[in-house]
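The following exercises are meant to be worked through with the sequence and the coordinates side by side. Try each task before reading its solution.

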Amino acid sequence: MSDSKNYNTSFARGLDVIRAFDARNPRLTVAGVADRTGLDRAVARRLLLTLVEEGYARQDGKLFELSSKVLTLGYSYLSAMSLDQRLQPNLDALSKDLGQAVSVSVLDGAETIFIARSDQAGQVMAYVVRTGLRLSAFTSASGRVLLSGLAPEEVARRLEQAQVVALTPYTKTDPEQILTEIARVRAAGHCVNEQELEEGLLSVSVPVRGVDGRIVAALNTNCNHARALSTGFVDTALPALHRVAAEIAALIP
């Protein structure tokens, strides 16, 4: 916990309560929230009831769950960055050109969060990405692109604190291999991930840079691995991804 006089403990605890809910724990009791946050049960209860009163959570007996109003917090961020509905036409056009789903993600600690996506009706997707999905930044193409924008020592620090899980036989879990791969992405300006996230999946990602040159987001697409190799998908996708990444960058103030 911060010792700064500018640090608001109550506000930080409220954020901890919101983060306690996830895909595995969509509904929690007061005790469940207290266990997941380390808060006293009385404090957890007050914070949960405050979220309910403000419309960010719902209560069903002893169980609590987040409401859709929580999405407005994320929308404020997207709108402030101009990464809201204004980039959707660019994503729709790219998805149509590539014949694959495309997505945009941002970095949150050791995870990448998908904030926008597009796919074509009737499209058979190799991997289903939904808005709000979180993936390990160290095992995903988009995450490695986002991490490549950080100083090497910061990447190493985050890796030390992360738990990298082997999702397939191809997933790199050795720290040196991961750091070497991120350095390669930094030099190349893109990432190609082959079957590390899911067997049979190839992902391609490129950076979206702000006006100061910093990487603020990643643009990603994926394809069936065998089909990608047989059709030269990477060679086709990379120029299109870089072009649309530049278009998206132009929307960022």
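**Exercises on a sheet and its strands**

**Exercise 1.** Find the bridge partner of V102 in β8, and establish how β3 and β8 pair.

*Solution.* In this predicted model, V102 has T221 as its bridge partner in β8. Moving on to S103, one finds N220 of β8 standing opposite. Taken as whole strands, β3 (residues 102-108) and β8 (residues 215-224) pair in the antiparallel sense, and four bridges connect them.

**Exercise 2.** Determine how many bridges join β7 to β8, and describe the connection between these two strands.

*Solution.* Begin with L201, whose bridge partner in β8 is N224. Strand β7 (residues 201-209) runs antiparallel to β8, and the two are joined by nine bridges. Together β7 and β8 form a hairpin with five residues between them, and in the turn G213 adopts a positive phi of about 90 degrees.

**Exercise 3.** Place the strands in the order of the sheet, and explain why one side of β5 and one side of β6 are without a neighbour in the sheet.

*Solution.* The sheet is open and consists of six strands in the order β5-β4-β3-β8-β7-β6, with antiparallel pairing. Because β5 (134-136) and β6 (191-194) stand at the edges, each has a single partner strand, and one side of each is therefore left without a neighbour in the sheet. Direction ignored, neighbouring strands of this sheet are turned against each other by 30 degrees on average.

**Exercise 4.** Decide whether β8 is mostly covered or mostly uncovered.

*Solution.* Counting residues under 20% relative accessible area as buried, one finds that nine of the 10 residues of β8 are buried, and the strand is mostly covered.

Methods:
Residues are numbered from 1 along each chain as its sequence is written. This is a predicted model: local features need pLDDT of at least 70, side-chain atom pairs count only at pLDDT 80 or more; totals for chains, interfaces and linings use all residues. Side-chain values use heavy atoms; hydrogens and water are left out. Two strands pair if DSSP finds at least two bridges between them. Axes are lines fitted to C-alpha atoms, for helices over the stretch in contact, and angles run from 0 to 180 degrees between N-to-C directions. Buried means under 20% relative accessible area, exposed over 50%, partly exposed in between (1.4 Å probe, protein chains only).
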